[in-house]
Amino acid sequence: MEKHKQITEPDVFGFQVRIVRRGKETSRYFSHKLWGNKNKSLKAAITWRDQMLVVLKGSKTRFLKPPKNKTTTGLTGVSRTIKYDHCKDKSYLCYTVFWVKNGKSRNKTFQVGNVDKITSDEELHAFRTARLFRSCYEFAIDNDLEFDDSKFNGWKKKRIYDDPNLRVIGA
């Protein structure tokens, strides 16, 4: 099975497809008996593998090293934190996005404001902007494009996620 990458024949009864992306394995077994014969099970394994490679595309590493706290929002690379300013004796709600630029780890912080004064609309705006930032970054990495973070300058005064030119699938 040297010519069929990611497909092995672990036993005489079928083929196994294994794809690993970002440390997570996706696999499936194709039984010769279930598919009718050896050629049909191989064809099914190749078809499934090719479909999964499209679904799981983006083999480039998005992280130089995994951040200690990957997420508090359910989204990889996006964290919700409360930062305390000792000088002002105030706490600020922030959404922080982890990303990589020119081979160096970066953080983009979308500060909502003083936790005592922020509104739910302000928090939602910061979260949606952080999510779009990360989605645009991931889209650029997956498609070998240059990521332009300057589009997010002045994010507090504009609803960047409403811009149809910045829309990314899943954002």
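**Exercise 1. A buried arginine and its partner**

R134 is buried, with a relative accessible area of 3%. Find the residue whose side chain meets R134 in a salt bridge, and work out how the two sit in helix α3.

*Solution.* Start with the ground rules. This is a predicted model, in which local features need pLDDT of at least 70 and side-chain atom pairs count only at pLDDT 80 or more, while totals for chains, interfaces and linings use all residues. Residues are numbered from 1 along each chain as its sequence is written, and side-chain values use heavy atoms, with hydrogens and water left out.

Step 1. Fix the terms. Buried means under 20% relative accessible area, exposed means over 50%, and partly exposed is in between (1.4 Å probe, protein chains only). A salt bridge puts a side-chain nitrogen of Lys or Arg within 4 Å of a carboxyl oxygen of Asp or Glu.

Step 2. Name the partner. R134 pairs with E138 at 2.8 Å, N to O.

Step 3. Check the cover. E138 counts as buried because its relative accessibility is 19%.

Step 4. Place the pair. E138 and R134 are four residues apart in helix α3, so about one helical turn separates them. Helices (H or I, at least four residues) and strands (E, at least two) are DSSP runs, numbered from the N terminus.

**Exercise 2. Two further salt bridges**

Which parts of the chain does the R80 and E123 pair tie together? Compare the exposure of R18 and E25 too.

*Solution.* Step 1. The structure holds seven salt bridges.

Step 2. In one of them, R80 meets E123, with the closest N and O atoms 2.8 Å apart. R80 lies in strand β4 (residues 78-85) and E123 in helix α3 (residues 120-142), so the pair ties together parts that are 43 residues apart in sequence. R80 is partly exposed, at 36% relative accessibility.

Step 3. In another, E25 meets R18, and the closest N and O atoms are 3.5 Å apart. E25 is partly exposed at 45%. R18 is partly exposed at 44%.

**Exercise 3. Helix α3 and positive phi**

Test the span of α3 against expectation, then find where D144 and D89 lie.

*Solution.* Step 1. The expected span is 1.5 Å times one less than the number of residues. α3 has 23 residues, and 33 Å is expected. From first C-alpha to last, α3 reaches 32 Å, close to that value.

Step 2. Just after α3, D144 takes a positive phi of about 55 degrees. D144 is exposed, at 56% relative accessibility.

Step 3. D89 also has a positive phi of about 55 degrees, although it is not a glycine. D89 lies in the loop between β4 and β5 (90-101), and is exposed at 54%.

Step 4. Set this in context. Most residues other than glycine have a negative phi.

**Exercise 4. Confidence**

Where does pLDDT stay under 50?

*Solution.* Step 1. pLDDT is the predictor's confidence in each residue, from 0 to 100. Its mean over the chain is 81, and 85% of the residues reach 70 or more.

Step 2. Go by element. β4 has the lowest mean pLDDT (85), and helix α1 (residues 32-35) has the highest (92).

Step 3. Locate the weak stretch. pLDDT stays under 50 over residues 64-71. The model has 15 contacts beyond four places in sequence for these residues, a contact being heavy atoms within 4.5 Å.
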